[in-house]
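Work through the exercises below with the structure open. Try each task before reading its solution.

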Amino acid sequence: MKSISFNTGEMKQEKTCVWLLAFIQFGKKIGVFDLLEQGKVKMKEVEYTVNQKFITLMLSIAIGYKYTSDINEKLPNETVAAKLFNMPRFPDQSQINELIRRADSSTVT
């Protein structure tokens, strides 16, 4: 997928996937990320909320990752997209795998 690079005012270069940003903006406009807040999974929230982990999972699927291991390889570079959800970066694969393991029929209300 195409990426764009730009410089921030702090002499730092950012690179992000244009398609991912467009998907996020559209998802926010129609409220799809608000729906993810309804999912309830019992797990610790040390750095990331359960909702932020659901968002990470959804975005990894939307961008076409076939395996959760792709989250560790590709999503760390997407700091611009992570900041749109008040995260310094996306959670790593192990946290997403734990979310998937703990999710069951009671997760969806």
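**Exercise 1. The core**

Task: In this predicted model, find which residues have the most contacts inside the largest nonpolar core. Then find which elements give two or more residues to this core.

Solution:
- Step 1. The largest nonpolar core has 26 residues. Those with the most contacts inside it are Leu20, Ile24, Phe33, Leu59, Phe85, Phe90 and Leu99.
- Step 2. Assign the core to elements. Two or more residues come from each of α1, α2 (32-36), α3 (50-62), α5 (79-83) and α6 (93-102).
- Step 3. Helix α3 gives the largest share, five residues.
- Step 4. Place this in general terms. In soluble globular proteins, nonpolar side chains tend to be buried together.

**Exercise 2. The chain as a whole**

Task: In what order do the elements of the chain run from the N terminus? What percentage of the residues count as buried?

Solution:
- Step 1. Count the elements: the chain has six helices and two strands.
- Step 2. Read them from the N terminus: β-β-α-α-α-α-α-α.
- Step 3. Of the chain's 109 residues, 39% count as buried.
- Step 4. Take the surface. About 7,100 Å² is exposed, and carbon and sulfur atoms supply 54% of it.
- Step 5. Take the contacts with a separation of 6 or more. Residues 24 or more positions apart account for 57% of them.

**Exercise 3. Helix α1**

Task: Test the length of helix α1 (residues 18-30) against its expected span. Then decide where its buried residues fall, seen down the axis.

Solution:
- Step 1. The helix has 13 residues; at 1.5 Å a residue, these should span 18 Å.
- Step 2. The end C-alpha atoms of α1 are 19 Å apart, which agrees.
- Step 3. List the buried residues of α1: Leu20, Leu21, Ile24 and Gly27.
- Step 4. Seen down the axis, these residues fall within an arc of 130°, so they line one face of α1.
- Step 5. Check the other side. Phe26, Lys29 and Ile30 are exposed there.
- Step 6. Look past the end of the helix. Glycine 31 follows α1, and its phi is positive, near 80°.

**Exercise 4. Aromatic pairs**

Task: The structure holds two aromatic pairs. Classify each: is the pair of tryptophan 19 and phenylalanine 23 stacked or edge-to-face, and which kind is phenylalanine 33 with phenylalanine 85?

Solution:
- Step 1. The ring centres of tryptophan 19 and phenylalanine 23 are 5.4 Å apart, with the planes at 15°, so this pair is stacked.
- Step 2. Both residues lie in helix α1, four residues apart, about one turn of the helix.
- Step 3. Tryptophan 19 is partly exposed, at 40% relative accessible area. Phenylalanine 23 is also partly exposed, at 23%.
- Step 4. Phenylalanine 33 and phenylalanine 85 are edge-to-face: 5.0 Å centre to centre, 70° between the planes.
- Step 5. This pair links distant parts of the chain, 52 residues apart. Phenylalanine 33 is in helix α2; phenylalanine 85 is in the loop between α5 and α6.
- Step 6. Phenylalanine 33 and phenylalanine 85 are both buried.

**Exercise 5. Two more phenylalanines**

Task: Is phenylalanine 54 buried or exposed? Which residues does phenylalanine 90 contact beyond four places in sequence?

Solution:
- Step 1. Phenylalanine 54 lies in helix α3.
- Step 2. The cut-off for buried is under 20% relative accessible area. At 13%, phenylalanine 54 counts as buried.
- Step 3. Beyond four places in sequence, phenylalanine 54 touches Leu36, Gly39, Val41, Leu99 and Thr107.
- Step 4. Leucine 36 is 18 residues away from phenylalanine 54 in sequence; their C-alpha atoms are 6.6 Å apart.
- Step 5. Phenylalanine 90 contacts Tyr48, Thr56, Leu59, Leu75, Glu78, Ala81 and Ala82, leaving aside neighbours within four places.

Methods: Residues are numbered from 1 along each chain as its sequence is written. Side-chain values use heavy atoms; hydrogens and water are left out. The expected span of a helix is 1.5 Å times one less than its number of residues. Buried means under 20% relative accessible area, exposed over 50%, partly exposed in between (1.4 Å probe, protein chains only). The arc is that of the directions from the helix axis to the C-beta atoms. A nonpolar core is a set of buried Ala, Val, Leu, Ile, Met, Phe, Trp, Tyr and Cys residues joined through side-chain atoms within 4.5 Å. Contact means heavy atoms within 4.5 Å. Accessible areas come from the Shrake-Rupley method with a 1.4 Å probe; for residues, only the protein chains shown count as cover. Rings of Phe, Tyr and Trp (its six-membered ring) pair if their centres lie within 6.5 Å; planes under 30 degrees apart count as stacked, over 60 as edge-to-face and the rest as tilted.
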